[in-house]
Amino acid sequence: MTAIRTEHLTHTYSPNTPFQKVAVEDVSIAIEEGEYVGVIGHTGSGKSTLIQHLNGLLAPTSGKVFIGEEDLWADKAKLRSFRFAVGLVFQYPEYQLFGETVYSDIAFGPTNMGLTPDEVDSRVRQAARFVGLTEEKLQKSPFELSGGQKRRVAIAGVLAMDPRVLILDEPTAGLDPKGRDKILGEIREYHQEKKNTILLVSHSMEDIAKNATMALVMNQARLFCYDRVEEVFGRGEELSRMGLAVPQVSRVFLSLAKRGIPIDPRVYTVEAARDEIIRCVKEGRQGK
Ligand SMILES: Nc1ncnc2c1ncn2[C@@H]1O[C@H](COP(=O)(O)OP(=O)(O)OP(=O)(O)O)[C@@H](O)[C@H]1O
Ligand SMILES: [Mg+2]
């Protein structure tokens with residue numbers, strides 16, 4: 001089943017003014033349920049504009065967006081339910097915290113959905129558990145927490161709505177490497193347990209390599225490609241020309257393959273690299 005689909009989606013900011021800017025142009029894409037999609041592209045390529053269409057936060061200038069089989073804009077009365085089905089975590093979401101306690105902040109979404117207090121309570125506790133927030137933190141003011149913990153509260157607020165599709169716009173921006181790995185690990189576990197669809201916008205190819213199954217590459221407002229991660233990283237030279245660095249492992253393997261060494265250039269994780277080197281050495285010995 002398709003989770004989200006766009007058809008010739010185009011978005012122009014400030015149309016018919018001197019500031020007119022086409023930020024997304026003619027993007028048609030179908031994302032299957034359960035995929036973990038890494039969204040990459042240089043600064044200003046249209047990533048944030050694209051994802052804000054997927055829960056109806058921005059309306060297309062032309063083209064369509066479908067959630068499952070339903071046209072997002074066909075019936076405005078349904079828009080609200082689509083916003084619950086597709087949860088969006090903005091870049092630097094901690095600036096949007098406002099609750100008196102961590103608990104009330106996380107409870108805001110599910111309460112708005114009209115769930116009973118008992119259901120809200122279980123949603124809040126489950127979401128807090130996913131992002132590693134202890135019970136004791138729930139009664140604190142979000143403003144007493146560290147940067148990484150604030151970010152977790154904001155992510156938990158979206159998880160508590162139990163969205164079918166979860167979209168995160170650079171959720172690790174500005175965090176140290178340890179905080180980054182921890183949040184990405186939590187999102188990965190959430191994905192494995194819930195089997196829902198995830199879109200993760202990231203500037204880090206290493207993060208995409210470690211987590212995503214599919215990669216969506218934007219280039220100058222257009223979709224460059226949407227394919228399995230190994231296929232996308234196998235196009236290292238084209239990505240480099242777009243100003244995107246491929247993971248270090250990919251770079252090494254692409255250059256080995258270029259020198260005529262019979263190695264699979266689509267390898268992009270350290271674990272797969274180890275296996276591929278062992279395979280290559282063994283076959284080399286047998287060949288002698
Ligand atoms: N509200 C706006 N009004 C006018 N132009 C905008 C607006 N928001 C974004 N843009 C422009 O649209 C283009 C795409 O921006 P967008 O934020 O979608 O890119 P991005 O890929 O998310 O970039 P980044 O990696 O820096 O977050 C850019 O040229 C940007 O300057
Ligand atoms: Mg952006």
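Helix H3 (102–112) gives the lining of the largest pocket its largest share, five residues. The model is a predicted one, and in it this pocket holds about 560 Å³ of space. A total of 23 residues line the pocket, and those closest to its centre are Leu-88, Gln-96, Phe-108, Val-158 and Met-161. H3 doesn't do the job alone: helix H2 (79–85), strand S6 (86–89) and helix H6 (147–159) each bring at least two residues to the lining as well. Sorted by class, the lining comes out as 15 nonpolar residues, six polar ones and just two charged ones.

Strand S6, part of that lining, also belongs to an open sheet of six strands. Reading across the sheet, the order goes S6-S7-S8-S3-S9-S10, and the pairing is mixed. S6 and strand S10 (222–228) sit at the edges with a single partner strand each, so one side of each has no neighbour in the sheet. Going from one strand to the next, the twist averages 15 degrees.

Further in, strand S3 (residues 36–40) and strand S8 (residues 197–201) run parallel and are joined by four bridges. One residue to look for here is Tyr-36, whose bridge partner in S8 is Ile-198.

Helices pack on this sheet too. H6, already met in the pocket lining, touches S6 and strand S7 (165–169), and its direction makes about 170 degrees with that of S6. Helix H7 (residues 177–194) packs on the sheet as well, touching S3, S7 and S8. The direction of H7 makes about 160 degrees with that of S8.

Key:
Residues numbered from 1 in each chain as written. Chains lettered and ligands numbered in written order. Predicted model: local features only at pLDDT ≥ 70, side-chain atom pairs only at ≥ 80, totals over all residues. Heavy atoms only, no water. 1 Å grid on protein atoms, 1.4 Å probe; cavity = no way out; pocket = protein on both sides within 12 Å on 5 of 7 lines; lining within 4 Å. Points joined across faces, edges and corners; volume = space filled by probe spheres on them. Nonpolar A, V, L, I, M, F, W, Y, C, P; charged D, E, K, R; others polar. Pairing = 2+ DSSP bridges. Axes fitted to C-alpha atoms, helices over the stretch in contact; angles between N-to-C directions. Contact = heavy atoms within 4.5 Å.
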